[in-house]
Structures are given as structure tokens and as C-alpha cells.
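Please open the structure in your viewer and keep the selection tool at hand, for this tour moves from one selection to the next and says what is found at each stop.

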Amino acid sequence: MKVNETVAVSTSRILLVPYEASHVTTYHEWMQDEKIQEYTASEPLSLPEEYAMQANWRTSHDKLTFIACQPLSATASINIQGGVDDVPERMLGDVNLFISQEDDDSDGDATSPKGLVGELELMIAPTDKRRQGYGRAAILAFMCYIARNIDNIVSEYSANEATKITKAEGVSPLRLRVKIGKENEPSLRLFESLGFRKVAEEPNYFGELELCLGGSSDGKSWVDGFLEGLGYEGYAEVDYLPDNWSMSMS
């Protein structure tokens, strides 16, 4: 997606930056790990294929992604400089949102109104950085960004789709879900702690459990809670200046 191409998200616990070509070599190294391949249900790609994937994610209307990095110091500049604040030694993993239309077999009419489902993915790659709260911080910041920018996200998606997207009162136009390997207990605990609930107790054909985020007890959508500042100390959306920007100005 292009909605976040010049935006970084900064909190006291995490920094999220757009996935740029400068991140690809580190990301490619991460994805050679067989355990990460298993947890993300991914196949290893060649480096040229990884660059092509990054370029595709930047322009595709149904994929939103950030690279998670270590948080900034309290004295850091308000602008995030690519190649400085997101160098490989500061990179931690990624967060992704894959958007698709809700299944609707009621009438088979491709032009009938329907909502969207967004599948979240989270990865903290370095083993020495896991179980330190970075995963929770990253997914919370990401969900906060989605909530605050949901109209633009839905608009970018729907501009490239023939199907009309509806927004019922009190209901988010984007329902969230995750699919997690049944053996990945840390991720299951994390998302359950955020209010996601299992769709079924048994895993699917691929050994994954699906969890969805529903509304709160007072009828509000998940978006409302995040717009009210749920759990985000120091949340800010700031300008991201990619590494090639500084080169073009020299």
C-alpha cells in the first residue's frame, strides 16, 4: 500500500517504518531461518525475488506492511531518517496486514455490499529480542495506526475493487483476524490477550488456528478502543525520509 510510504509510527516501546529496499537484505537473511519459515508459513525466496516482493508490497492495494525497529531515544528527532534510525542492527521484524473481501455466499452478486477482513501477521526475527515485549508493542502500534487511518486504508483498497464496501453503524469496515500455527503458543497467548478469540478449537488443514477480533461488550468496534488511546504511550505518526531522499538532496 502507498498509504504509509512516507509515515513512521513511533511509541515508547517500538518504531515502525515503511518496508524499503534498504531493508531487503536483512529481511532475506531472517527468512532463511527454518523456524521463521514454519511460523510464517513461508517458502524461502532468492534475493532478487525478495526485492521483487518488497516492490510489490509497496504498490499493492491489499497489503500494508511496516518494519519493526527498536524505539527511538527520548531526544531523537521528530523525523525518522532511513538508513539511520532503521539500520540492520536496529531492525526487529515486521507487521503486515493482508486485506480481502468478506466471504458472502448469500446471493453470489459481486456488486452487493460487503465488508473487509484484514489478516494480521507479526514476526520478531532475532531470537535474542523475543519475549521482551517487542512483539506486543509492534502489534499494538500497528493496530493503532490501522484504526487511525482506516478510512484511507479502506479507500485505497476499494478504489481497486469493483465490490462496494459498506460501513454499518458501530461496526468497523475492517474485521481483523490472525492465523497462527497450533504449536506457536507465544503468539496464541499474545493475540488472545488482545481480545482475539478462536473461531474453532481444531486447527485447519495447514495446522493453523484462526482467531478473530470482535466488538467490545458495549457494542463498539475494535477501532473505537484504539482511537481512544488504548495502551499507547507516546504514540506518534511522524515523517519518514527514506535513505534515497538524503542522497537526492546532496
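Before the first stop, a word on classes: Ala, Val, Leu, Ile, Met, Phe, Trp, Tyr, Cys and Pro count as nonpolar, Asp, Glu, Lys and Arg count as charged, and the others, with Gly among them, count as polar. Please also bear in mind that what you see is a predicted model.

Begin with the whole protein chain, which has 8 helices and 10 strands, and in which buried residues make up 46% of the 250 residues. If you look at contacts between residues at least 6 apart in sequence, 72% of them join residues at least 24 apart.

Next, colour the protein chain by pLDDT, the predictor's confidence in each residue; the mean is 84, and 82% of the residues reach 70 or more. Select strand β3, residues 63-69, where confidence is highest at a mean of 97, and then helix α8, residues 243-248, where confidence is lowest at a mean of 54. Two stretches deserve a careful eye: over residues 105-113 the pLDDT is below 50, and this stretch has 9 contacts in the model beyond near neighbours in sequence, while over residues 246-250 the pLDDT is also below 50, with 1 contact of that kind.

Now turn to the largest pocket, which holds about 1200 Å³ of space. Select Y39, T40, L122, M123 and N184, which are the closest to the centre of the pocket among the 46 residues that line it. The elements that give two or more residues to this lining are α2 (34-40), α3 (47-59), β5 (91-101), β6 (116-124), α4 (134-148), β7 (174-181) and α6 (185-193).

Which element gives the largest share of the lining? That share, 6 residues, comes from β6. Colouring the lining of the largest pocket by class, you should find 20 nonpolar, 10 polar and 16 charged residues.

For the last stop, keep β6 selected and add β7: these two strands run parallel and are joined by 4 bridges. Along this pairing, E119 stands opposite R177 in β7. Then add strand β9, residues 208-213, which pairs with β7 in the antiparallel sense over 6 bridges, and look for K179, which stands opposite E210 in β9. As you follow the side chains here, remember that in a regular strand they alternate between the two faces of the sheet.

How values were computed: Residues numbered from 1 in each chain as written. Predicted model: local features only at pLDDT ≥ 70, side-chain atom pairs only at ≥ 80, totals over all residues. Heavy atoms only, no water. 1 Å grid on protein atoms, 1.4 Å probe; cavity = no way out; pocket = protein on both sides within 12 Å on 5 of 7 lines; lining within 4 Å. Points joined across faces, edges and corners; volume = space filled by probe spheres on them. pLDDT = per-residue confidence, 0-100. Contact = heavy atoms within 4.5 Å. Pairing = 2+ DSSP bridges. Buried < 20%, exposed > 50% of the residue type's maximum accessible area, 1.4 Å probe, protein only.
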